[in-house]
Amino acid sequence: RTVDYFQLNNSFNIINKTIINMNSIPVIHDFFVLDDNVFICDSPFSFHIDNINNIRVPVKFNKKPTNIYVLNKTEDSINKFIANDSFYIFHYADIKYDDDNFDIYAPLYDDVDFSKLNIVGKYRQININRRTNEVKIIKNEILEKFNLDFPIKYNNKVILRNIHNNNINGFRS
């Protein structure tokens with residue numbers, strides 16, 4: 001249960017390797033890189049086999065805390081922040097930060113079943129207090145009504161694709 005993070009030079013030679021020990025099965029679809037930091041979400045997935053004769057997708061999403069790892073590339077250090085909520089991130093939109101907070105903007109999936117395609121993303125803010133390590137999920141009442149993902153940052157806005165009744169029916173910003 002580890003993730004290897006490699007820093008490469010222009011010739012694609014490894015100049016640094018960092019191993020991140022994860023709590024769950026590392027099912028990582030996306031990560032976010034800033035100048036000094038790399039953000040990786042460790043969502044609560046586990047192997048699960050109910051019936052050996054009927055294995056469709058042996059990975060199960062659990063209702064357990066989600067860990068967010070922040071790798072500082074300059075200091076070669078890793079900070080682990082624990083969110084009490086269970087969620088998965090397919091695509092990050094943006095991360096803003098100052099000395100006190102990391103604010104991650106992304107569609108969060110409260111439930112993931114890889115045997116079905118019916119998944120619902122809710123665009124939210126994850127606030128990580130860098131001084132207390134407290135993690136809060138901030139919801140917008142209006143955006144909670146939509147199934148949003150595939151964020152594209154354009155100028156100072158984020159454009160998101162919306163799905164309704166398994167059809168893309170528009171974009172939100």
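This is a short walk through a predicted model, stop by stop, with something to select at each one.

**Stop 1: the salt bridges**

Start with the charged side chains. There are 5 salt bridges in the structure, and a few of them make good landmarks.

Select D4 and K17 to begin. They form a salt bridge whose closest N and O atoms sit 3.8 Å apart. D4 belongs to strand β1 (residues 2-8) and K17 to strand β2 (residues 14-21), so this pair ties together parts that lie 13 residues apart in sequence. Turn on a surface and check both ends: D4 has 35% relative accessibility and counts as partly exposed, and K17, at 44%, counts as partly exposed too.

Next, pick R131 and D100. Their side chains meet in a salt bridge, with 2.5 Å from N to O. Both partners are loop residues: R131 is in the loop between β12 (121-129) and β13 (135-138), while D100 is in the loop between β10 (94-97) and β11 (101-109), so the contact ties together parts that are 31 residues apart in sequence. R131 is exposed, at a relative accessible area of 61%. D100 comes out as partly exposed, at 33%.

Now move on to R124 and D110. Here the closest N and O atoms of the salt bridge are 2.8 Å apart. This pair links distant parts of the chain, with R124 in strand β12 and D110 in the loop between β11 and β12, 14 residues apart. Is R124 buried or exposed? With only 5% relative accessibility, R124 counts as buried, since the cut-off for that label is under 20%. D110, in contrast, is partly exposed, with a relative accessible area of 31%.

Keep those two selected and add E144. D110, R124 and E144 are linked in a network of salt bridges.

**Stop 2: an open sheet**

Switch to cartoon view. Look for an open sheet of 4 strands, which runs in the order β3-β4-β7-β8 with antiparallel pairing. The edges are held by β3 (32-33) and β8 (77-83); each has a single partner strand, so one side of each is left without a neighbour in the sheet.

Zoom in on the β3 end. β3 pairs with strand β4 (residues 37-42) in the antiparallel sense, over 2 bridges. Which residue in β4 stands opposite F32? Select F39 and you have it: F32 and F39 face each other across the two strands.

**Stop 3: K80**

Cross to the other edge of the sheet and select K80, which is in strand β8. K80 is partly exposed, with a relative accessible area of 37%.

Now show what surrounds K80. Leaving out residues up to four places away in sequence, K80 touches N23, N67, I68 and Y69. Of these, N23 deserves a distance label: the side chains of K80 and N23 make a polar contact at 3.3 Å. For a sense of scale, draw a line from the C-alpha of K80 to the C-alpha of V3. The two are 77 residues apart in sequence and 14 Å apart in space.

**Stop 4: the aromatic rings**

Finish by showing Phe, Tyr and Trp side chains as sticks. A search of the whole structure turns up 8 aromatic pairs.

Take F81 and F102 to start. Their ring centres are 6.4 Å apart and their planes stand at 75°, so the pair is edge-to-face. This one links distant parts of the chain, from F81 in strand β8 to F102 in strand β11, 21 residues apart. F81 counts as buried, at 3% relative accessibility, and F102 is buried as well, with 3%.

Then go to F90 and Y109. This aromatic pair is edge-to-face, at 4.9 Å centre to centre and with 90° between the planes. It also links distant parts of the chain: F90 is in the loop between β9 (88-89) and β10, and Y109 is in strand β11, 19 residues away. Are F90 and Y109 buried or exposed? F90 is buried, and so is Y109.

For the last selection, add F45, F61 and Y88 to F90 and Y109. Together these residues form one aromatic cluster.

How values were computed. Residues numbered from 1 in each chain as written. Predicted model: local features only at pLDDT ≥ 70, side-chain atom pairs only at ≥ 80, totals over all residues. Heavy atoms only, no water. Salt bridge = Lys/Arg side-chain N within 4 Å of Asp/Glu carboxyl O. Buried < 20%, exposed > 50% of the residue type's maximum accessible area, 1.4 Å probe, protein only. Pairing = 2+ DSSP bridges. Contact = heavy atoms within 4.5 Å. Polar contact = N/O pair within 3.5 Å; in protein donor to acceptor, adjacent residues only side chain to side chain. Phe/Tyr/Trp six-rings, centres within 6.5 Å; stacked < 30°, edge-to-face > 60°.
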